[in-house]
Amino acid sequence: PVPFDWQDPLGAKNLYTDEELAIAETAESYCQERMFPRVLEAYRNEDYDRKILEEMGELGLLGATIQGYECAGVSSVASGLITRAVERVDSGYRSGMSVQSSLVMGGIDDFGTEEQKQKFLPGMAKGKTLGCFGLTEPNHGSDPGSMETTAKPHPTKKGYFSLSGSKTWITNSPIADVMLVWAKLQSTGKIRGFLVERKDCPPGTLSTPKLGNKNGLRASITGMIQLDECPVPEANMFPDIEGLRGPFSCLNSARYGIAWGTMGALEDCIDRARTYALERKQFKGNPLAKYQLVQKKLADAATDAAYGILAAYQVGRLKDEGKASPEMISMIKRQNCDRALVNARVLQEIFGGNAVSDEYHIGRHVSNLFVTQTYEGQSDIHALILGRAITGIQAFC
Ligand code: TGC
Ligand code: FAD
C-alpha cells in the first residue's frame, strides 16, 4: 500500500504541476528561513517590517498571477501555494501580501487604465511601492454599500476630485504609498475606485493613523485613512467600473487566497501540536500522543486541513478556467477560516499551560485566525451569501 503522509493526507501534491511545486518550494524556503525568525519580535512589538514585501518582490511572489508589468503570471493554484507558505508563518504577513497582491494590484490590473497599470504595477510587483485597500468605514463594515466617503469635483483644482471621508481597519494604511479608496461619486451616488497617492496629498488632506494594541494580527500594520477634501487627479479614478462589483471583484481573489492561507496556519498548528504531543510525557512516562483524546484532536485537524486544501485547489483550477463563481469562493473562505480557527483552538489544549507562552506559537495563530474569520466578509456574512444563492432569498436586511 501507498504509505500515508500525515502532512499531505489526501495526496494533494500529486495534483500540482512541476512549476507549481517549484514555486511552492521557493516560497516555503523564504518563509521559513527569512520570515519566521522575525515573527516573534514583530508580533510582540506590533512592528511590521516593510522590507518583507520588498524581499517577496525580489522573488516574484507579489501580484504573482498578473500577466506582464514585471509580474510572474503564475496559476491561481501557485499563488494559493505561496499564500499558504506565508500564512504558515503568520496570518499578518499573509495579510500584508494579500492587500498588496490581490486587493490593490489585482484591482489595478482588472479595472485600471493602461497608464495606471504602467505607473503602479511594476513598482508594486517589486514591493517598492506599497498599497492598501480602503473599503471599510467606522459605521459600515459588513455593509459597505452604505459607505459615506464621497468624491466630488474639486472646488479649486481643475481636473481633480475632492475626496472626503474615513476608512478604518485598513491593513498597511500607515505605510502605504498608494491607497485604493472606494468612494461614492456625489453626482451619481455610485461607488468608484480612486488611487490616492500619499506623496501628492497636500498637508492636512490625508492622515493614516495606526491602530495599535491589537490582540490579533499584530505582525501586520493596520490603520485608518482619513481624507479631508483631498485632491485626487481624475486620471487616478478607475475609468469604467462602478458599484460594489469593483471592490467585490478584488475581494474574490483575496478571499480565495485566505482559503489557502488559513490552511497553512492550521498545518503549522498541527505540526507543532504533534511534535509537542510526542515529546511531552504525562502519567507513567507516556507521551501525550499515546492518549486517544489527543490523537482525535490531531486526526480532526488533519482531516479538515486536507479537505480544505483540496477545496481551495478545485476552486483555483476553476478560477483559471473562468468557471469559479463568487459563491464558491465564499464557501471555501468561510469553511477554511472556520475550521482553521476551531481546530487551532482545540490543538492549543495539547500544549497545556505552555500554550500561554508565545514561544510555542499556537496562541498567536489562534488570535490571528479570529481575524481571518472576520475580515473580507465575516463567516456569517458568507453564510448569508450562500443562503441567498441556495434559496434565492436575500437575508441581509
Ligand atoms: P449585492 O446586491 O449583493 O451586490 C452589489 C453588486 O456587487 C456585485 N457583487 C459582486 N461582484 C463580484 N464579486 C462578488 N463577490 C460580488 N458580490 C456582489 C453584485 O453583482 C452587484 O452588482 P451590480 O452590478 O448588480 O450592482 O450587495 P449588497 O450590498 O447586498 O452586499 C451584501 C454583501 C453582504 C454580500 C456584501 O456587502 C459583503 O460581502 N460584505 C462583506 C464586506 C467585506 O467583505 N468587506 C471586506 C473589506 S476589505 C478587507 O477586509 C480586507 S482585509 C485584508 C487583509 O488584511 O487580508
Ligand atoms: P460589523 O459589520 O459591525 O459586524 C459585526 C457582526 O455582526 C459580525 O459578526 C457580522 O457577521 C454580524 N452581522 C452584520 N450584519 C449582519 C447581518 N445582516 N446578519 C447577520 N449578522 C450580521 N477592511 C478594508 O476595507 N481593508 C482592509 O485592509 C482591512 N483590513 C482589516 C484588518 C484587520 C486586522 C481587521 C480586524 C479588519 C480589517 N478590515 C479591512 C475590516 C473588515 O473587513 C471588517 O472588520 C469586516 O468586514 C466586518 O465589518 P465590521 O467590523 O464593521 O463588523
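## Location of ligand 1

The space taken by ligand 1 is the largest pocket. The structure discussed here is a predicted model. Around ligand 1 there are 26 residues, the closest being Ser 95, Thr 171, Asn 252, Arg 255 and Arg 388. By class, this shell comprises 13 nonpolar, eight polar and five charged residues.

Helix H4 (91–111), helix H6 (245–279) and helix H10 each contribute at least two residues to the shell around ligand 1. The most is given by H6, which provides six residues.

## Polar contacts and burial of ligand 1

Two side chains can be described by their polar atoms. In Asn 252, a polar side-chain atom is placed 2.8 Å from a nitrogen atom of ligand 1. In Tyr 375, a polar side-chain atom is found 3.4 Å from an oxygen atom of ligand 1. The backbone also takes part: a polar backbone atom of Glu 376 is 2.9 Å from an oxygen atom of ligand 1. Ligand 1 taken alone exposes 1100 Å², of which the protein buries 73%.

## Location of ligand 2

The largest pocket is likewise recorded as the space taken by ligand 2. The elements that supply two or more residues to the shell around ligand 2 are strand E5 (160–171), helix H9 (362–374) and helix H10 (379–391). Helix H10 thus appears in the description of both shells, with at least two residues in the shell around ligand 1 and two or more in the shell around ligand 2.

The shell around ligand 2 is formed by 18 residues, and the closest are Thr 136, Ser 142, Trp 169, Gln 378 and Phe 396. These shell residues divide into ten nonpolar, six polar and two charged.

## Polar contacts and burial of ligand 2

Thr 171, listed among the closest residues to ligand 1, also has a polar side-chain atom 2.9 Å from a nitrogen atom of ligand 2. Gln 378, one of the closest residues to ligand 2, places a polar side-chain atom 2.8 Å from an oxygen atom of this ligand. Phe 396, another of the closest residues, is involved through its backbone, where a polar atom is 2.8 Å from a nitrogen atom of ligand 2. When taken alone, ligand 2 exposes 970 Å², and the protein buries 67% of that area.

Terms used. Residues numbered from 1 in each chain as written. Chains lettered and ligands numbered in written order. Predicted model: local features only at pLDDT ≥ 70, side-chain atom pairs only at ≥ 80, totals over all residues. Heavy atoms only, no water. Near = heavy atom within 4 Å. Polar contact = N/O pair within 3.5 Å; in protein donor to acceptor, adjacent residues only side chain to side chain. Areas by Shrake-Rupley, 256 points an atom, 1.4 Å probe, with all protein chains shown as cover. 1 Å grid on protein atoms, 1.4 Å probe; cavity = no way out; pocket = protein on both sides within 12 Å on 5 of 7 lines; lining within 4 Å. Sits in = over half its atoms within 2 Å of the grid points. Helix = DSSP H or I, 4+ residues; strand = E, 2+ residues; numbered from the N terminus. Nonpolar A, V, L, I, M, F, W, Y, C, P; charged D, E, K, R; others polar.
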